[in-house]
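Subject: Structure handover

Hi,

Here is the structure I promised to pass on. My notes follow below it.

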Amino acid sequence: MKFPLFLHVLSAMALVGTLVLAATSVAADNHRLGYRALLWGAIPSWIVMRVAAQWVFSEQGWDDVDPEPAWIGIGFATSESTFLLIIAATVCAWRAVKRGRGDGLRTAVLVLLALVLVAYLVAIWAMTTKPT
Amino acid sequence: MDDWLLFLHVLAAFLLVITVVMYSAVALGGTLGGRATFIADRCWDVGGLGTLILGVWLALKLDEYGIFDGWIIGALVLWLVATGLGETVRKRTAEVRDGDGTVTTGAVTTLHWVRTLTVLALLVLMIWKPGA
């Protein structure tokens, strides 16, 4: 069944797209668009991506495989750790909107999003090359 | 080698979706600055070339696929349609952009959503590979 994989890839792409949108908006001091991109784009996309990943995992029988392949471990580790960073970036962007200016919050959002995007680059590499 | 080609091919597809997401923000009433628009357009250029060149390379290199497979020909046709639409959206957006960078023409928005559906159809072909 390919639908869970389709959903996983589509939501992962939407997630990366909304993160780049948020980063470019915050960099341009458009904190409101950055905040909305994170709240209404990145967080829902992350949830769909993660649920679909679990669906693919169960569907393809990976839960019976021991030890788990490295690429699956990399996928889970990057997705779960980055969720906290996305939440933190969303809170910082929201604070920046409330204050009406970025200052340190702008830098914090950009650093957090850069970390998340680098982690996703590694995850995409792991998902496609499937290192053992 | 094949794994790296696939990684770069998928990465290029992510770049296409970054552009789609960023232009979707404009279509939904958001405002992209000049730098963000530049990034979105470059992602479309690099992603478009990357998916085409690496995709054809993979189709020629891998034994299980052929360049004349129906789903690959379908993908090439969709790629051409998406490229044409993307170029039109870019030009028209620049033409109708007012002072704050908001697209004001419904036709451009419609073209953008058609482009989005075309990219979605490409992803469907890549995941299901009908006839492969």
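Let me start with one residue. I18(B) touches V16(A), G17(A) and V20(A) on the other chain, and A40(B) and C43(B) on its own. That list leaves out residues up to four places away in sequence. Keep in mind that this is a predicted model.

Where does I18(B) sit in the wider picture? The largest nonpolar core has 66 residues, and I18(B) is among those with the most contacts inside it. A40(B), one of the residues that I18(B) touches, is on that list too. The others are L19(A), A22(A), F14(B), V17(B) and M22(B).

Which elements build this core? From chain A, α1, α2, α3 (70–99) and α4 each give two or more residues. From chain B, the elements that do so are α1 (2–27), α2 (34–61), α3 (70–96) and α4 (106–128). The largest share comes from α1(B), with 14 residues.

Next, the contact between the chains. It takes 22 residues from chain A and 23 residues from chain B. On the chain A side, α1, α2 and α4 (104–129) each supply at least two residues. Helix α1(A) gives the most, with 13 residues. By class, the chain A side divides into 14 nonpolar, seven polar and one charged.

Within chain A, I looked at one helix pair. Helix α1 (residues 3–27) packs against helix α2 (residues 31–59) at an angle of about 160 degrees. Their axes are 7 Å apart. Angles over 145 degrees count as roughly antiparallel, so α1(A) and α2(A) are roughly antiparallel to each other. The crossing of α1(A) past α2(A) is left-handed. The contact of these two helices has 21 nonpolar, eight polar and one charged residues.

Last, chain B as a whole. It has four helices and zero strands. From the N terminus on, its elements run α-α-α-α. The C-alpha trace of chain B spans about 55 × 25 × 20 Å along its principal axes. Of its 132 residues, 36% count as buried. How are contacts in chain B spread along the sequence? Among those between residues at least 6 apart, 72% join residues at least 24 apart.

Best wishes

Conventions: Residues are numbered from 1 along each chain as its sequence is written. Chains are lettered from A and ligands numbered from 1 in the order in which they are written. This is a predicted model: local features need pLDDT of at least 70, side-chain atom pairs count only at pLDDT 80 or more; totals for chains, interfaces and linings use all residues. Axes are lines fitted to C-alpha atoms, for helices over the stretch in contact, and angles run from 0 to 180 degrees between N-to-C directions. Angles under 35 degrees count as roughly parallel, over 145 as roughly antiparallel, 65 to 115 as roughly perpendicular and the rest as oblique. A crossing is left-handed if the near helix is turned anticlockwise from the far one by less than a right angle, and right-handed if clockwise. Ala, Val, Leu, Ile, Met, Phe, Trp, Tyr, Cys and Pro count as nonpolar, Asp, Glu, Lys and Arg as charged, and the others, Gly among them, as polar. Two residues are in contact if their C-beta atoms, placed from the backbone, lie within 7 Å. A nonpolar core is a set of buried Ala, Val, Leu, Ile, Met, Phe, Trp, Tyr and Cys residues joined through C-beta atoms within 7 Å. A residue is buried if 20 or more other C-beta atoms lie within 10 Å of its own, exposed if 12 or fewer, and partly exposed in between; C-beta atoms are placed from the backbone.
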